[in-house]
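Student: I am new to this structure and would like a close look at a single part of it. Could you pick one spot in a loop and then show me how it fits into the whole?

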Amino acid sequence: MEGTIAVFIPIIMFLIVGLIAVVFIYYKSKEKQLLIEKGLSAEDIRKFFENKRDPFLLLKIGVISIFFGIGLGIGLILEDNTSKEYWVPLMLFVFTGAGFVISNILGNNLRKNYDKN
């Protein structure tokens, strides 16, 4: 039974990743199609997608990744010291959540300064 489950895990993982990619591409093309149907020119569509792009996306991803790593490290240290297994998931969720909050606040502050210039 365990061998069968172990075989299906990678298959299901690739199916889910493929499904997410197909859905993303479908909705992206649907969005472009709706803009064309509204009668926007190519320059207007280009400006629309440039305004939609977040210039601080990589900064946000970096902050979240740093907090994820800190949570993982602290969770592993606490797990080794206390022999309790719940520290790693707890610290991952807490620090990743804090990373999302801080990256959002930081991104909003930077966006305000970016829009002023």
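**A close look at Ser83**

Tutor: Happy to! Ser83 has a relative accessibility of 63%, so this residue counts as exposed. To place Ser83 in the chain, look at the loop between α3 and α4 (87–116), where this serine is found. Its backbone deserves a glance too: the phi angle of Ser83 is near 60°, which is a positive value in a residue other than glycine.

Before we go further, please keep in mind that this is a predicted model. The confidence is easy to summarise: the protein averages a pLDDT of 88, and 99% of the residues score at least 70. Among the elements, helix α3 (residues 57–82) has the highest mean pLDDT, 94, while helix α2 (residues 42–52) has the lowest, 76. As a reading rule, predicted coordinates should not be read in detail where pLDDT is low.

Now let us step into helix α3, where you will find Lys60. The relative accessible area of Lys60 is 16%, and because buried means under 20%, this lysine counts as buried. What is Lys60 in contact with, leaving aside its neighbours within four places in sequence? The partners are Asp54, Ser103, Gly107 and Arg111. So we have looked at two residues with opposite labels: Ser83 is exposed, whereas Lys60 is buried.

With those two spots in hand, zoom out to the whole protein. There are four helices and zero strands, and reading along the sequence gives the pattern α-α-α-α. The radius of gyration is 21 Å, well over the 13 Å that the globule rule gives for 117 residues, so the protein is more spread out than a compact globule. You can follow this in the C-alpha trace, which spans about 65 × 45 × 15 Å along its principal axes.

What about burial and contacts across the chain? Of the 117 residues, 15% count as buried, and Lys60 is one of the residues with that label. Taking contacts between residues at least 6 apart in sequence, 53% join residues at least 24 apart.

Finally, consider the surface and the charges. The protein exposes about 9500 Å², and carbon and sulfur atoms supply 70% of that area. There are 13 positive and 11 negative charges, and the mean positions of these two groups are 10 Å apart.

Methods: Residues are numbered from 1 along each chain as its sequence is written. This is a predicted model: local features need pLDDT of at least 70, side-chain atom pairs count only at pLDDT 80 or more; totals for chains, interfaces and linings use all residues. Side-chain values use heavy atoms; hydrogens and water are left out. Helices (H or I, at least four residues) and strands (E, at least two) are DSSP runs, numbered from the N terminus. The radius of gyration is taken over C-alpha atoms; the globule rule is 2.2 Å times the number of residues to the power 0.38. Buried means under 20% relative accessible area, exposed over 50%, partly exposed in between (1.4 Å probe, protein chains only). Contact means heavy atoms within 4.5 Å. Accessible areas come from the Shrake-Rupley method with a 1.4 Å probe; for residues, only the protein chains shown count as cover. Lys and Arg count as positive and Asp and Glu as negative; His and the chain ends are not counted. The place of a charge is taken as NZ of Lys, CZ of Arg, CG of Asp or CD of Glu. pLDDT is the predictor's confidence in each residue, from 0 to 100.
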